[in-house]
Amino acid sequence: MATVTLNDATFDEHVNASDKPVLVDFWAEWCGPCKMIAPILEEIAEEQAGKIEIAKLNIDDNLDVTRRYDVMSIPTLILFKDGVPQVRLIGAKPKAQLTAELTPYL
């Protein structure tokens with residue numbers, strides 16, 4: 001498994017301490033599109049290992065972080081660099097489009 005699971009307690013420490021960009025996938029168990037992009041994110045995590053870290057945050061279990069970043073629809077992907085949100089992608093997208101939108105930040 002190439003992705004990391006975060007929660008309200010570990011989020012800030014992990015995202016702020018990372019020396020590479022962290023793409024956080026805000027998802028939920030009941031979300032169909034979230035399940036569709038999960039394997040794509042795994043692939044990106046493996047292919048871009050060392051350049052980017054992919055983390056998952058279950059919105060149902062982690063309301064503090066979800067509210068702080070105003071996540072209203074899922075899947076929402078937020079790319080953090082040095083703990084600061086750089087780009088927000090909403091909805092399931094094909095791998096090529098995701099990669100293209102993330103590349104400028106890697």
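## A pair of strands to start with

Leu-79 stands opposite Val-87 of strand E5, and this pair makes a handy place to begin a tour of the model, which is a predicted one. Strand E4 covers residues 76-81, and 6 bridges join it to E5. The two strands run antiparallel. Another pair to look for is Lys-81, whose bridge partner in E5 is Val-84.

What lies between the strands of this hairpin? There are 2 residues between E4 and E5, and Asp-82 takes a positive phi near 55° in this hairpin. Asp-82 belongs to the loop that runs between E4 and E5. A positive phi is noted here in a residue other than glycine. With a relative accessibility of 64%, Asp-82 counts as exposed, because the cut-off for that word is over 50%.

## The whole sheet

Now step back to the sheet. It is open, has 5 strands and follows the order E1-E3-E2-E4-E5, with mixed pairing. Which strands form the edges? They are strand E1 (4-6) and strand E5 (84-90), each of which pairs on one side only. From one strand to the next, the twist averages 25°. As a general point, strands of a sheet pair through backbone hydrogen bonds, either parallel or antiparallel.

Helix H4 packs on this sheet, where it touches strand E2 (22-27) as well as E4 and E5. The direction of H4 makes about 155° with that of E5.

## The loop before strand E4

Follow the chain back from E4 and you come to the loop between H3 and E4, where Pro-75 has its place. The peptide bond that leads from Ile-74 to Pro-75 is cis, with omega near 0°.

Asp-70 is found in the loop between H3 and E4 too. Its phi is near 50°, which is a positive value in a residue other than glycine.

## Salt bridges

How many salt bridges does the structure hold? There are 6. In one of them, the side chains of Asp-12 and Arg-68 meet, with 2.7 Å from N to O. Asp-12 lies in helix H1 (residues 11-17) and Arg-68 in helix H3 (residues 63-68), so this salt bridge ties together parts that are 56 residues apart in sequence. Asp-12 counts as partly exposed at 33% relative accessibility, and Arg-68 counts as partly exposed at 42%.

Another salt bridge joins Lys-95 and Glu-47, whose closest N and O atoms are 2.7 Å apart. Here, too, distant parts of the chain are linked: Lys-95 is in helix H4 (residues 95-102) and Glu-47 is in helix H2 (residues 32-47), 48 residues apart. Lys-95 is partly exposed, with a relative accessible area of 24%, whereas Glu-47 is exposed, at 52%.

Glu-101 and Lys-93 form a salt bridge as well, and their closest N and O atoms are 4.0 Å apart. Is each partner buried, exposed or something in between? Glu-101 is partly exposed, with a relative accessible area of 26%. Lys-93 has a relative accessible area of 18% and therefore counts as buried, the cut-off being under 20%. Sharing of partners also occurs: salt bridges join Glu-43, Glu-47 and Lys-95 into one network.

## The disulfide

What does a search of the whole structure find in the way of disulfides? It finds 1. The partners are Cys-31 and Cys-34, with their sulfur atoms 2.3 Å apart. For readers new to the term, a disulfide is a covalent bond between the sulfur atoms of two cysteines.

The link of Cys-31 and Cys-34 is right-handed, with 80° about the S-S bond. Are these cysteines buried or exposed? Cys-31 is buried, and Cys-34 is buried too.

Definitions and conventions
Residues are numbered from 1 along each chain as its sequence is written. This is a predicted model: local features need pLDDT of at least 70, side-chain atom pairs count only at pLDDT 80 or more; totals for chains, interfaces and linings use all residues. Side-chain values use heavy atoms; hydrogens and water are left out. Helices (H or I, at least four residues) and strands (E, at least two) are DSSP runs, numbered from the N terminus. Buried means under 20% relative accessible area, exposed over 50%, partly exposed in between (1.4 Å probe, protein chains only). A disulfide is a pair of cysteine sulfur atoms within 2.5 Å. Two strands pair if DSSP finds at least two bridges between them. Axes are lines fitted to C-alpha atoms, for helices over the stretch in contact, and angles run from 0 to 180 degrees between N-to-C directions. Contact means heavy atoms within 4.5 Å.
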